[in-house]
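User: Please take a close look at a single part of this protein, the contact between two of its domains, and then at one buried residue. A connected account is preferred.

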Amino acid sequence: MAKQLRLDKYLADIGIGTRSEIKLWIRKGRVKVNGEVVTKPERKVVPEDEVCFDEKKVNYEKYSYYMLHKPSGVVSATRDNLSKTVLDLLEGEKVKDLFPVGRLDKDTEGFLLITNDGKLAHNLLSPKKHVDKLYFAKVKGKVTREDQLAFLEGVMIEEGYRTLPAKLIIQKSDDISEIELTIQEGKFHQVKRMFHAVGKEVIYLKRLSMGGLSLDPNLAPGEYRPLTASEIKYLKNL
Ligand code: URA
């Protein structure tokens, strides 16, 4: 028989609110189970039941996964005393323990995965896994064939540390160059430091994809959406 849970515990597990808040909300009639208002917090439910809070369906999934188009100006942290965080952008989601998978700098935009699945995050970030991260950047000055070759060999971004080979595609080489760079690591400020190592400065940076999963073009900066079941499966199989 499917696991039975008290309704208030079920909603607390999802992270909708505290147990006492939830009891109050249930008694006020804000929760429906399979289409019917339930006012008893002790009512038993199973994960297969359809539970709605304020008419919005809530999902009793163990983990949640979102793709966020991170805008510039927010920090990739769960909380920050001064700046808005990526989790503030997902405030509408009543999900417990979300965190960003890896970090993008405050001024970097683009693909950021948000989840509460620690195992998946660990896998995607593991240096052993060599998960591709694709970036688009605008760089001050002309990016050259020499830079391309240097990145292919790996560049020293700190004493004693040479990066793994990285693929640099030059889209435009001018006073402001435009490039795409694929790296398989995620060192602090890695892309900026790689260009610094060849005497250049990144003035705009956006992550286009991670592990081959691309930023949804329908997401404007600051917008997010849940991953589809096939995207989740794909990431788990990397
Ligand atoms: N490399 C950087 O320099 N910054 C980022 O945010 C991501 C990769």
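Analyst: Contact here means heavy atoms within 4.5 Å of each other. The model is predicted.

The domain assignment divides the protein into domain 1 (5-58), domain 2 (65-127 + 213-236) and domain 3 (132-210). The part examined first is the boundary of domain 2 with domain 3. Taken over C-alpha atoms, the centres of domain 2 and domain 3 are 23 Å apart. Across the boundary, 16 residues of domain 2 are in contact with eleven residues of domain 3. The area buried between domain 2 and domain 3 is about 1,100 Å², and carbon and sulfur atoms give 47% of that area. On the side of domain 2, Asp-105, Glu-109 and Phe-111 supply 39% of the area buried against domain 3, more than any other three residues.

Charged and polar pairs come next. Two salt bridges are counted between domain 2 and domain 3. Asp-105 also forms a salt bridge with Lys-192, in which the closest N and O atoms are 2.8 Å apart. Nine residue pairs are in polar contact across the interface of domain 2 and domain 3, with both residues at pLDDT 80 or more. On the side of domain 2 that touches domain 3, the elements giving two or more residues are β9 (109-115), α3 (118-125) and β16 (213-214). Of these, β9 gives the largest share, four residues. By class, that side of domain 2 has nine nonpolar, four polar and three charged residues.

The second subject is Arg-225, which lies in strand β17 (residues 224-226). The residue numbering places Arg-225 within the 213-236 segment of domain 2. Arg-225 counts as buried because its relative accessibility is 19%, and the cut-off for buried is under 20%. The side chain of Arg-225 has polar contacts with two acidic partners. One polar contact, of 2.6 Å, joins the side chains of Arg-225 and Asp-216. Another, of 2.8 Å, joins the side chain of Arg-225 to that of Glu-231. Leaving out residues up to four places away in sequence, Arg-225 touches Tyr-65, Tyr-66, Met-67, Asp-216, Leu-219 and Glu-231. The list of residues touched by Arg-225 thus includes both polar partners, Asp-216 and Glu-231.

Technical notes. Residues numbered from 1 in each chain as written. Predicted model: local features only at pLDDT ≥ 70, side-chain atom pairs only at ≥ 80, totals over all residues. Heavy atoms only, no water. Domains from an automatic or database assignment. Buried area = accessible area lost by both parts, 1.4 Å probe. Salt bridge = Lys/Arg side-chain N within 4 Å of Asp/Glu carboxyl O. Polar contact = N/O pair within 3.5 Å; in protein donor to acceptor, adjacent residues only side chain to side chain. Nonpolar A, V, L, I, M, F, W, Y, C, P; charged D, E, K, R; others polar. Buried < 20%, exposed > 50% of the residue type's maximum accessible area, 1.4 Å probe, protein only.
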